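Subject: Structure for you to look at

Dear colleague,

I am handing over the structure we spoke of, with the sequence beside it. Please open it first and then read my notes below.

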Amino acid sequence: MLFVCIVKSDMVKKTRERFIEVARQLFARKGVENTTMNDIASASEKGRRTIYTYFKSKRDIFNAVINSESDDLMMQLRSIVYSSLSPTEKISEYISCRLKTMREIVSRNGSLRAGFFRDVRKVDRARALISRKEAVLLAEIIQEGNETGEFRVEKPRETAVIITNAIHGLDVPYIRDSLATYGIDKSRISRVISNLILNGIKK
């Protein structure tokens, strides 16, 4: 009986993941507005009724796509936080990884790319799903830096929230490479923001 339950649970998970991946591809190619639940069900080779047992609406499945992408981002950021790097090195790697990965996510998701450059509220909703998690990870690095004597930050959590939002503010310029007109390329953006943050928190 237990084996049957495990197999059934695994099938449910795979079906849900299939819907999310198909939706991601359709959203990227056609845009969220032009993709219907019927399109997703048909491309997944499942019935319309089946998709509604997993997702209540198109917004629901869109949020699932964002969550799936954010899980990949968080996994990469966690690997930096729990690495053997020093807190100073972690901050620099974290910022570089965060900007590059967000650019990759937006670039491969057409609907997100359009949203980043057209609908600020849609961008904020998408980022709100992961911003709190990001701030928690940054707070861990800052606290570690306090403990090793590298940093001197009185309120790690508040500082992490501010840094997270500062990095978010660079997403669009970084993705568009719009600061190149000032002679600042993508790699330089990461270095400059890292230096600014580290100069502010290092002991």
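**A buried lysine and the salt bridges**

Lysine 186 has a relative accessibility of 18% and therefore counts as buried, since the cut-off for that class is under 20%. Please bear in mind that this is a predicted model, and that what follows is computed from it. The partner of lysine 186 is aspartate 177, with which it forms a salt bridge whose closest N and O atoms are 3.4 Å apart. Aspartate 177, at 28% relative accessibility, counts as partly exposed. Elsewhere, salt bridges that share partners join Arg98, Glu134 and Asp171 into one network.

The structure holds six salt bridges, and two others deserve a description here. Arginine 24 forms one with glutamate 21, the closest N and O atoms being 3.0 Å apart, and both residues lie in helix α1, three residues apart, which is about one turn of the helix. Arginine 24 counts as buried at 18% relative accessibility, whereas glutamate 21, with a relative accessible area of 31%, is partly exposed. In the other, the side chains of lysine 30 and aspartate 39 meet at 3.0 Å, N to O; here lysine 30 is partly exposed at 33% relative accessibility, and aspartate 39 is partly exposed as well, with a relative accessible area of 24%.

Lysine 30 also appears among the contacts of threonine 35, which, leaving aside neighbours within four places in sequence, touches Leu26, Phe27, Lys30, Ile40 and Lys58. Threonine 35 has its place in the loop between α1 and α2 (37–43), and with a relative accessible area of 0% this loop residue is buried.

**The chain as a whole**

The chain contains ten helices and zero strands. Of its 203 residues, 41% count as buried, and the chain exposes about 11800 Å², of which carbon and sulfur atoms supply 52%. If one takes the contacts between residues at least 6 apart in sequence, 67% of them join residues at least 24 apart.

**The nonpolar cores**

The largest nonpolar core has 32 residues, and within it Ile91, Tyr94 and Leu138 touch the most other members. At least two residues of this core are supplied by each of α4 (58–81), α5 (87–108), α7 (120–148), α8 (156–168), α9 (171–176) and α10 (186–201). The largest share, eight residues, comes from α5. Apart from this core lies another, of 17 residues, which includes Ile20, Val32, Ala41 and Val65.

Leucine 138 is a useful residue from which to explore the larger packing: not counting residues up to four places away in sequence, it touches Ile91, Tyr94, Ala160, Ile163, Thr164 and Ile167. Four of these names can be found again in α8, where Pro156, Thr159, Ala160, Ile163, Thr164, Ile167 and His168 are buried. As for its geometry, α8 has 13 residues and reaches 18 Å from its first C-alpha to its last, close to the 18 Å expected at 1.5 Å a residue.

**Aromatic pairs**

The structure holds three aromatic pairs. One of them is formed by phenylalanine 19 and phenylalanine 55, whose arrangement is edge-to-face, with 6.5 Å centre to centre and 80° between the planes. Because phenylalanine 19 lies in helix α1 (residues 2–30) and phenylalanine 55 in the loop between α3 (48–54) and α4, the pair ties together parts that are 36 residues apart in sequence. Both phenylalanine 19 and phenylalanine 55 are buried, and ring pairs link Phe19, Tyr54 and Phe55 into a cluster.

With best wishes

Conventions:
Residues numbered from 1 in each chain as written. Predicted model: local features only at pLDDT ≥ 70, side-chain atom pairs only at ≥ 80, totals over all residues. Heavy atoms only, no water. Core = buried A, V, L, I, M, F, W, Y, C linked by side-chain atoms within 4.5 Å. Buried < 20%, exposed > 50% of the residue type's maximum accessible area, 1.4 Å probe, protein only. Helix = DSSP H or I, 4+ residues; strand = E, 2+ residues; numbered from the N terminus. Contact = heavy atoms within 4.5 Å. Phe/Tyr/Trp six-rings, centres within 6.5 Å; stacked < 30°, edge-to-face > 60°. Expected span 1.5 Å × (residues − 1). Areas by Shrake-Rupley, 256 points an atom, 1.4 Å probe, with all protein chains shown as cover. Salt bridge = Lys/Arg side-chain N within 4 Å of Asp/Glu carboxyl O.
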